[in-house]
Structures are given as C-alpha cells and as structure tokens.
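Let's take a walk through this protein, one spot at a time. Keep the sequence and the 3D view open while you read.

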Amino acid sequence: LGLDMEELEEIEEDAGLGNGGLGRLAACFLDSMATLGLAAYGYGIRYEYGIFNQKIRDGWQVEEADDWLRHGNPWEKARPEYMLPVHFYGRVEHAAAGAKWVDTQVVLALPYDTPVPGYMNNTVNTMRLWSARAPNDFNLRDFNVGDYIQAVLDRNLAENISRVLYPNDNFFEGKELRLKQEYFVVAATLQDIIRRFKASKFGSTESVRTVFDSFPDQVAIQLNDTHPAMAIPELMRIFVDIEKLPWNKAWDITKRTFAYTNHTVLPEALERWPVDLVEKLLPRHLQIIYEINQRHLDHIASLFPNDVDRLRRMSLIEEGGTKRINMAHLCIVGSHAVNGVAKIHSEIVKTQVFKDFAALEPAKFQNKTNGITPRRWLLLCNPGLAELIAEKIGEDYVRDLSQLTKLHEFVDDDLFIREVAKVKQENKVKFALYLEKEYKVKINPSSMFDVHVKRIHEYKRQLMNCLHVVTMYNRIRRDPAKLFVPRTVIIGGKAAPGYHMAKMIIKLINTVAQVVNNDPLVGSKLKVIFLENYRVSLAEKVIPATDLSEQISTAGTEASGTGNMKFMLNGALTIGTMDGANVEMAEEAGEENLFIFGMRVEDVTELDREGYNAQEYYDRLPELKQAIDQIKSGFFSPKEPDLFKDVVNMLFHHDRFKVFADYEAYVKCQEKVSELYLNSKAWTKMVIRNIAAAGKFSSDRTIKEYARDIWHVEPSDLKIPPPNEPRDAAEDKTVNGTAA
C-alpha cells in the first residue's frame with residue numbers, strides 16, 4: 001500500500017492498562033504461555049482510560065487522560081454472546097435451603113477478546129478483558145419515578161466501573177470504586193471459567209448437578225497480587241450457595257484451585273479493605289470471609305493453645321480502629337501455593353512478612369523469579385543485536401534463552417567485540433536523534449547513556465541519582481580542565497497523581513537539569529534529561545540505547561524488578577544494590593561483572609536497630625553537604641529558594657529508604673563505572689558476559705516453573721499445524737522433539 005511500517009507503529013497507541021511492573025509482567029507471561037503451548041487465559045478489565053499521559057510543564061508533572069480507544073482498537077473483538085451479570089449491594093437471607101443474596105444491583109460484564117500469538121508455533125491464546133455495561137432496565141424497573149431521562153443518564157454510574165485505571169503503583173487506596181473493579185473482574189471471570197468447565201467433558205452432570213471433584217485438576221487460577229483476592233470468597237459462594245456443595249468440600253476444591261503471587265513487601269501497598277465497605281458492597285462475601293477466618297483461627301488455636309498474640313497476627317481481620325480485612329492473609333489461607341518473585345524477596349516473604357504462615361505450612365511457600373519475553377525485549381526492540389547474536393549461535397535462542405551462554409566463547413573475539421559496540425553505538429545515535437526531535441536538546445552520542453527509568457517512588461531512590469548528578473556537576477565546576485567521562489543522564493517515570501513527594505522529585509530533577517544543561521562550564525560533559533511519559537513503547541526505544549542501567553532501590557524493597565533484566569539483555573551494564581533480581585543477575589554473570597554497591601538487607605536491618613541518623617552522613621561527607629545545601633538554599637531554584645524544603649526535610653528526618661547511607665558507596669561505584677567506560681574494549685567484554693548470562697531471565701523459564709511446580713501442566717514446544725494444512729499432517733511436523 002506504499003505505507004511505512006515504522007510510521008504506522010508510531011501512530012498506534014499503547015494499551016496502558018497497568019501501572020508498571022505488575023501489568024508488564026502479565027503481558028510477558030501471556031507471550032510465554034502461548035509460546036510454550038499452554039492453554040491459558042489472561043483476564044482483566046478493559047479500562048476506557050489507562051494510565052494517564054504525563055506532560056511536563058515548567059518542570060512539574062501534569063496528568064492528561066489516556067483516551068487510548070479514541071481511534072478504535074483493531075486487535076479486540078467484542079463477544080456480547082458471553083456477557084455475564086455481576087451483582088453488588090443487596091442483603092443476605094438465610095433459609096433452610098441456605099443463604100441467598102437478594103435485592104442486588106446488577107451490572108453486565110461484556111468481554112472483549114484479544115489474540116495472544118505464540119512465537120512461530122501456530123498457537124493463539126486469548127486475553128479476555130471485561131467492560132461494564134448497564135442492563136437496559138437499569139433504574140427503570142424499580143417503582144418508576146417517571147424521570148426517564150435521568151434514569152438513562154444514570155446508566156453511567158454502572159458503566160463507570162471500567163472507566164479508568166487507578167494510577168497507584170505500590171500503594172493501596174481503599175476507594176469503593178476500586179473494590180467494585182476488583183470484584184467485577186473476579187465475578188465475571190469465575191462465571192466464565194465455570195461455564196467452560198461445565199461445557200467440557202469433565203463437568204460430568206449427574207441429573208442436573210455438576211460434579212466438581214475434578215475442578216482443580218482441570219482449572220488453575222493464579223492470583224496476580226491480592227487485587228483479585230475476592231475470587232476466593234466468590235468461588236466459595238458459588239460452590240456453597242449456588243451449587244450446594246458442603247463447606248468442607250467447597251473449601252478443599254477452592255484451595256487446590258488458587259495460587260497467590262506476592263509482588264511487594266511495602267506495608268503501604270498491602271490491601272486492607274474496611275469491613276464496613278465490604279459489608280455494604282458484598283454482604284455475603286463478608287460472611288464467607290468471617291467463616292473462613294473462624295475455621296482458620298480454630299485450627300491455629302488447636303495447634304497453639306493460649307497464644308492469643310499469634311491469633312491476632314494471623315487473623316484475616318485486623319482489629320483496632322476501623323476493622324479491616326487483610327487480603328494477603330486471605331490469599332495465603334485460600335491458596336495451595338504462595339510465591340515471591342525473586343530469591344531474596346521470597347526469603348523475606350517467608351522469614352519476615354508472613355513468617356507465622358510459613359512456620360505453619362513451609363511447603364506452601366515457593367520462589368518464582370520473574371522474567372521478560374525475549375521476543376519483545378530483544379527481537380522486536382533491538383533487531384541489530386538479535387541478528388548479531390543469531391549469526392554467532394543460531395536462531396534457536398529466541399525460544400531457549402539459556403543458549404545465550406554460548407556467547408562466552410566469543411568474549412575475546414575482537415571482531416565480535418567491535419560489532420557489539422557498533423550495534424550499541426547505532427542504537428544510541430538513533431535515540432539521540434529521537435531526543436533531539438522530541439526535546440530539542442543536542443546530545444553527544446559518544447557520551448555514556450546513564451538511564452534510570454521506572455515509576456517514581458522514594459524506595460527506588462531517584463533522589464540518590466539526582467544527588468550524584470549534582471555531585472558530578474560540582475566536580476566539573478570545581479575543576480573544568482580535569483578529565484571527565486561525558487554522561488547523558490536520562491531519568492524517566494510517572495508519579496502517582498496523589499503522591500506529593502514523588503512529584504517534588506520530578507520537579508527537582510527538572511530544576512537541576514535546567515541549571516546543568518545551560519552552564520557553559522559544563523558544555524557537553526554532562527546533560528540531564530527527564531524523559532516525559534515513560535511507557536512500554538518508549539522503553540523499547542531507550543533500553544537498546546542504554547550503557548548504564550540504574551537499579552538502586554534500598555536493599556529489601558524491590559521485590560524483583562524486570563527493567564533490570566531488559567537492560568542486561570540489551571547490552572547495558574548495571575549499577576545496583578543487592579536487591580530483587582539484581583542478586584540473581586550478579587549470581588549468573590559474576591558479581592565482578594556488575595557494579596554492586598551499598599548496604600545489603602542485613603546492613604539495613606542493623607541500621608534500623610541502631611537508628612538511622614541522616615545528619616551524621618551530612619556532617620561527614622563534604623560533597624553530600626554541598627549538594628544538599630545547594631538544593632536547600634535555592635541554588636537550583638533562585639526564584640523560589642525554599643521550593644524543595646519538604647524534600648530536604650524528608651531526607652534528614654523521615655527517610656525510610658536511607659538515601660544518605662548509600663550515597664558515598666554509590667558515588668565511589670560511579671567513579672569505577674566512568675573509569676571502565678574509558679576502556680571501550682574492556683567495557684564491551686563485560687557487556688558480552690552480561691548478555692551471555694541473561695538466559696535465566698526469560699519469562700519462558702519463569703512460566704515453565706509455574707507450570708510444573710504450581711499448575712501441574714507440562715509445557716510443550718510442539719508446533720501445531722497451521723489451519724490451512726489437513727489435521728493428519730500433524731505427524732512429523734514437531735519442532736525439535738516433543739516435550740519442552
């Protein structure tokens with residue numbers, strides 16, 4: 001048609017239906033499940049408005065609605081024939097026949113299906129996203145008040161459920177609409193799963209009653225964090241109230257069906273829903289949760305008589321002030337498997353956050369280290385590097401990333417070293433042109449691209465990076481003639497709209513950038529860019545162009561991280577703490593091939609025991625003092641000298657993430673980075689060692705582990721015949737053997 005594919009790709013809107021790591025991980029998992037030939041479905045909400053678009057105005061973040069469906073979405077297909085009712089509010093009637101949930105308000109769930117193709121295996125799975133629709137008699141059936149127009153306008157109230165994604169990452173906001181969203185996706189999905197089970201040969205119907213004994217053998221449901229936790233009481237409600245199963249049998253089936261993945265240990269991120277809100281919205285579910293809790297506590301009391309404190313700690317209900325339901329506890333009790341998302345995180349889950357539960361059932365707790373799909377995060381975003389690798393080791397690594405270890409043979413191959421460096425340089429030039437076009441800043445493509453992109457959060461310590469930028473700036477100004485390894489520091493990410501400190505951090509970075517980028521003494525030695533509206537499509541551009549990946553969270557706070565893996569696979573070196581998957585990256589590549597610095601988890605614990613005193617570091621470290629004094633005095637914001645007083649006050653008096661404690665080690669480690677960057681060959685050899693060690697971090701490996709250890713299904717790399725071939729041609733069409 002004479003159209004340019006790259007131009008078309010630029011026009012397409014991101015489906016920004018998640019906040020950060022959690023949503024992107026699910027997308028990688030869907031790709032891997034299809035590629036491994038698993039019969040798997042991804043369920044979620046079809047938000048009309050996804051994560052906000054971020055604009056930077058005068059250095060501040062401004063949010064705009066993400067109207068991603070404005071021009072339609074060609075990949076989805078509405079399936080009105082599978083529309084399902086979801087109930088809210090009402091009351092519970094108890095009769096001899098059992099409990100009945102009555103006088104409810106109904107919202108319809110309309111599914112939209114998006115195909116998920118596996119890689120070159122003719123498998124296509126389904127992602128089914130639910131959209132909320134008001135029933136046609138909405139507000140018209142009950143004792144008609146006669147205001148027909150208002151009744152039709154009120155349909156919006158029901159349809160608001162799927163209107164907008166809550167933009168918080170790692171933070172719980174206990175709003176009624178959010179709880180409605182969580183129950184909406186769960187109720188529609190479980191009805192869909194049960195309909196499919198009943199239609200299959202396994203849901204053998206004796207007279208009219210379905211036998212559910214085989215349900216856990218046919219169905220596995222993975223809870224992606226606690227957001228779908230209401231699925232546990234909902235499945236119990238279906239089994240007990242509707243299908244009339246005895247409680248114990250229903251509970252056994254429920255537990256064997258569900259597994260729970262924990263994604264964070266930050267207390268402010270854990271979901272704790274007020275009992276009175278649940279009672280109003282889902283009265284029957286509250287009763288079921290109480291019953292689950294009663295039986296759970298009876299069991300613990302029988303094992304630990306008179307240990308009331310243990311009962312309080314392990315209860316699903318938190319007393320004191322407003323009574324709340326601890327959704328993580330509900331997930332642990334209602335699942336047969338619980339996992340963290342990196343070795344260190346799973347260890348913290350077992351020994352700290354949920355230690356009472358792990359003591360009770362140690363076998364329930366597992367680790368499944370996160371991964372990324374090499375299809376999107378290498379082949380699609382970095383074709384130059386993907387091709388270079390294929391020339392050396394063949395193309396099979398795309399489906400079996402462990403084969404990257406073969407690159408170790410070429411670590412001393414001068415030609416390969418030059419070619420790897422050349423691909424990186426080409427990616428940097430391309431990204432530099434993009435930045436020039438979008439941001440009107442001239443950047444030096446031979447400078448080190450030092451990149452810190454992720455959601456803006458205090459625990460991720462963008463502030464520490466900012467202090468390093470100020471320190472480098474001061475060093476250049478102190479001695480402009482001294483050799484300085486030129487850097488382009490790129491920081492990007494969205495702050496939750498209600499997170500004041502995160503928004504101040506963005507403003508600070510932009511304010512520092514303004515001064516640094518316009519100082520003639522600095523010239524092209526140091527440039528600072530805040531990357532506006534960081535999202536998947538922008539990650540695909542910046543990651544292949546990165547030299548240095550910043551993974552600098554306080555040890556024990558980042559559950560895994562997945563950006564770290566993307567950078568490693570794309571030929572960047574990592575500067576990071578021993579946190580999340582960084583630990584395993586260092587284990588795979590050798591700690592000497594990453595720039596590891598700072599406190600370990602044990603050191604953080606020890607510092608908490610002693611008491612963290614920020615002032616001590618400020619007094620002892622002249623460069624830290626200078627940087628803080630400049631921010632505090634208005635050196636960077638002369639028109640508003642106390643603009644950053646909240647930030648400075650936080651750093652001194654309530655910095656939970658101990659920026660000052662790691663500052664010195666961070667700056668020293670950055671000096672080592674600069675030193676190595678001067679030796680292009682040594683740098684590139686380290687890059688090759690990193691790429692060669694990245695194989696473990698494929699989401700294919702992660703999904704194989706879930707499949708075998710939790711879901712009890714076998715992945716296969718069988719290539720099924722394409723639909724245009726006769727079925728019996730399936731013989732001798734298998735790709736390299738049978739089982740994966």
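What follows is a tour of one helix and its partners, then a lysine, a loop residue and some aromatic rings.

First, some ground rules: this is a predicted model, where local features need pLDDT of at least 70 and side-chain atom pairs count only at pLDDT 80 or more, while totals for chains, interfaces and linings use all residues. Residues are numbered from 1 along each chain as its sequence is written, and side-chain values use heavy atoms, with hydrogens and water left out.

Start at helix α25, residues 622-633. Helices here are DSSP runs of H or I with at least four residues, strands are runs of E with at least two, and both are numbered from the N terminus. The expected span of a helix is 1.5 Å times one less than its number of residues. For the twelve residues of α25 that gives 16 Å, and the end C-alpha atoms are indeed 16 Å apart, so the two agree. Just after α25 comes Gly634, with a positive phi near 90 degrees.

Which residues of α25 are buried? They are Leu624, Ala627, Ile628, Gln630 and Ile631, where buried means under 20% relative accessible area, exposed over 50% and partly exposed in between, using a 1.4 Å probe and protein chains only. These residues cover an arc of only 155 degrees around the axis, so they sit on the same side of α25; the arc is that of the directions from the helix axis to the C-beta atoms. An α-helix has 3.6 residues a turn, so residues three or four places apart point the same way. The buried residues of α25 pack against α18, α19 (500-517), α24 (614-620), α26 (645-653) and α27 (659-677).

Now look at that packing from the α18 side. Leu467 sits in helix α18 (residues 462-478) and counts as buried because its relative accessibility is 2%. Beyond its neighbours within four places in sequence, Leu467 is in contact (heavy atoms within 4.5 Å) with Leu624, Ala627, Ile628, Ile631, Val659, Phe660 and Tyr663. Leu467 and Ile628 are 161 residues apart in sequence, yet their C-alpha atoms are 7.9 Å apart in space.

Next, hop over to Lys566 in helix α21 (residues 563-569). An unreviewed UniProt entry places "modified residue: N6-(pyridoxal phosphate)lysine" at Lys566; such positions use the numbering here, feature names are shortened, and annotations may be inferred rather than shown by experiment. Lys566 is buried, since its relative accessible area is 7%. Leaving out neighbours within four places in sequence, Lys566 is in contact with Arg24, Ile372, Trp377 and Ile543.

Thr369 is in the loop between β18 (365-367) and α15 (374-380), and at 2% relative accessibility it is buried too. Not counting residues up to four places away in sequence, Thr369 touches Val341, Ala342, Lys343, Glu584, Phe697, Arg701 and Thr702.

Last stop: the rings. Rings of Phe, Tyr and Trp (its six-membered ring) pair if their centres lie within 6.5 Å, with planes under 30 degrees apart stacked, over 60 edge-to-face and the rest tilted. The count comes to 24 aromatic pairs. In one of them, the centres of Phe215 and Phe239 are 5.7 Å apart with planes at 90 degrees, so the pair is edge-to-face. Phe215 lies in α6 (residues 215-218) and Phe239 in α7 (residues 231-242), so the pair ties together parts 24 residues apart in sequence. Both Phe215 and Phe239 are buried, and they form one aromatic cluster with Phe197 and Phe212.
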